[in-house]
Amino acid sequence: MSQQSDLVGRREKAMADKRRRIMDAARSLFAERGVGHVTTQEVSDRADVAIGTLFRYAATKAELLIMVQNEKFRAAIDEGLAASESLSGSDASAQDAVMALLSPVIECVREQPENGRQYLHELVFGDPTEQHRSAGLAEAWRFEAAIADILRTLPDVDERTRATLARVVTSIVHVTMTATLHLRDTPGEIEAVVQSQLTAVLAGQERVRG
């Protein structure tokens with residue numbers, strides 16, 4: 001029994017090591033040249049694994065990009081949550097808290113615009129049952145739920161309306177970060193565009209209540 005456990009432990013360790021090498025190789029190559037200029041063979045060569053081994057972890061280059069970006073997306077959401085929560089109890093508005101949440105995510109996606117745009121496109125239009133997309137979509141729902149939670153501070157807004165507003169905000173962020181119109185915009189410029197639209201959305205909500 002002990003020998004079998006040791007064998008399983010070594011196998012799991014080897015798999016984790018290969019996954020780490022693949023992730024590191026893909027992350028560095030995508031950052032250096034952009035996903036469109038990198039092949040899966042180049043990733044497997046840099047990771048020092050067979051191409052067939054790479055495909056066991058990600059069947060396509062798109063899935064490989066999602067696998068890499070998911071980790072960055074998750075970390076950016078965590079950073080944004082911490083920033084927005086730090087405003088709790090202060091005089092900051094709901095809009096300030098939402099922007100505090102959005103800012104690290106915008107920075108993450110726009111760090112390498114080609115990769116970020118492709119990542120968002122694949123999450124929305126790819127197979128939602130694929131393992132890495134499913135994990136990415138779970139983070140997207142967490143992001144949207146966090147926005148809805150912040151909007152609880154708005155007076156006289158029920159749960160359904162908060163969920164709708166959160167969906168509108170995430171849609172604004174998605175379109176702004178993927179639109180060709182904003183391809184060359186800096187993260188700061190993207191934030192300014194998003195903030196202006198967020199102001200309009202929340203002002204519209206105020207008019208509806210009035």
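The following paragraphs describe the salt bridges, a helix contact, the aromatic pairs and two buried residues of a predicted model.

Salt bridges are considered at the outset, and their count in the model comes to 16. One of them joins the side chains of E32 and R46, with a distance of 2.9 Å from N to O. This pair links distant parts of the chain, since E32 belongs to helix α1, which spans residues 2–33, while R46 belongs to helix α2, which spans residues 40–47, and the two residues are 14 residues apart. R46 has a relative accessibility of 43% and therefore counts as partly exposed, given that the partly exposed class lies between the limits of 20% and 50%.

A salt bridge is also found between the side chains of E111 and K72, where the N to O distance is 2.8 Å. Here too distant parts of the chain are linked, as E111 is placed in the loop between α5 (94–110) and α6 (113–125), whereas K72 is placed in helix α4 (residues 61–85), with their positions 39 residues apart in the numbering. The partners fall into separate accessibility classes: E111, with a relative accessible area of 56%, is exposed, and K72, with a relative accessible area of 24%, is partly exposed.

In a further salt bridge the side chains of R167 and E144 meet at 2.9 Å, again taken from N to O. R167 lies in helix α8, formed by residues 159–178, and E144 lies in helix α7, formed by residues 131–150, so that the pair ties together parts of the chain that are 23 residues apart in sequence. For this pair, R167 counts as partly exposed at 44% relative accessibility, whereas E144 is buried, with a relative accessible area of 12%. Salt bridges also occur as a network, in which D17, R19, R20, R21, D24, R27 and E71 are linked.

The packing of helices can be illustrated by α6 and α7, whose axes are 9 Å apart and which pack at an angle of about 100°. Because of this angle, α6 is roughly perpendicular to α7. On the side of α6 the contact is made by Y119, E122 and L123, and on the side of α7 by R133, G136 and L137. When the residues of the contact of α6 with α7 are divided by character, three are nonpolar, one is polar and two are charged.

Y119 also takes part in the aromatic pairing of the model, where two aromatic pairs are present. In the pair of F73 and Y119 the ring centres are 5.9 Å apart and the ring planes stand at 75°, so the arrangement is edge-to-face. The pair links distant parts of the chain, with F73 in helix α4 and Y119 in helix α6, 46 residues apart, and both F73 and Y119 are buried. In the pair of F73 and F143 the ring centres are 6.3 Å apart and the planes stand at 65°, and this pair is therefore edge-to-face as well. As F73 lies in helix α4 and F143 in helix α7, the pair ties together parts that are 70 residues apart in sequence. The relative accessible area is 4% for F73, which is buried, and 5% for F143, which is likewise buried. Through these ring pairs, F73, Y119 and F143 are linked into a cluster.

Two further buried positions may be described through their surroundings. L120 is found in helix α6 and, at 9% relative accessibility, counts as buried, because this value is under the limit of 20%. When residues up to four places away in sequence are not counted, L120 touches V109, H174, M177 and T178. The C-alpha atom of L120 is also separated by 8.9 Å from that of I66, although the two residues are 54 residues apart along the chain. S44, in turn, is found in helix α2, the helix to which R46 of the salt bridge with E32 also belongs. The relative accessible area of S44 is 1%, and this residue is therefore buried. With residues up to four places away in sequence again left out, S44 touches V49, A50, I51 and L54.

Technical notes. Residues numbered from 1 in each chain as written. Predicted model: local features only at pLDDT ≥ 70, side-chain atom pairs only at ≥ 80, totals over all residues. Heavy atoms only, no water. Salt bridge = Lys/Arg side-chain N within 4 Å of Asp/Glu carboxyl O. Helix = DSSP H or I, 4+ residues; strand = E, 2+ residues; numbered from the N terminus. Buried < 20%, exposed > 50% of the residue type's maximum accessible area, 1.4 Å probe, protein only. Axes fitted to C-alpha atoms, helices over the stretch in contact; angles between N-to-C directions. Parallel < 35°, antiparallel > 145°, perpendicular 65-115°, else oblique. Contact = heavy atoms within 4.5 Å. Nonpolar A, V, L, I, M, F, W, Y, C, P; charged D, E, K, R; others polar. Phe/Tyr/Trp six-rings, centres within 6.5 Å; stacked < 30°, edge-to-face > 60°.
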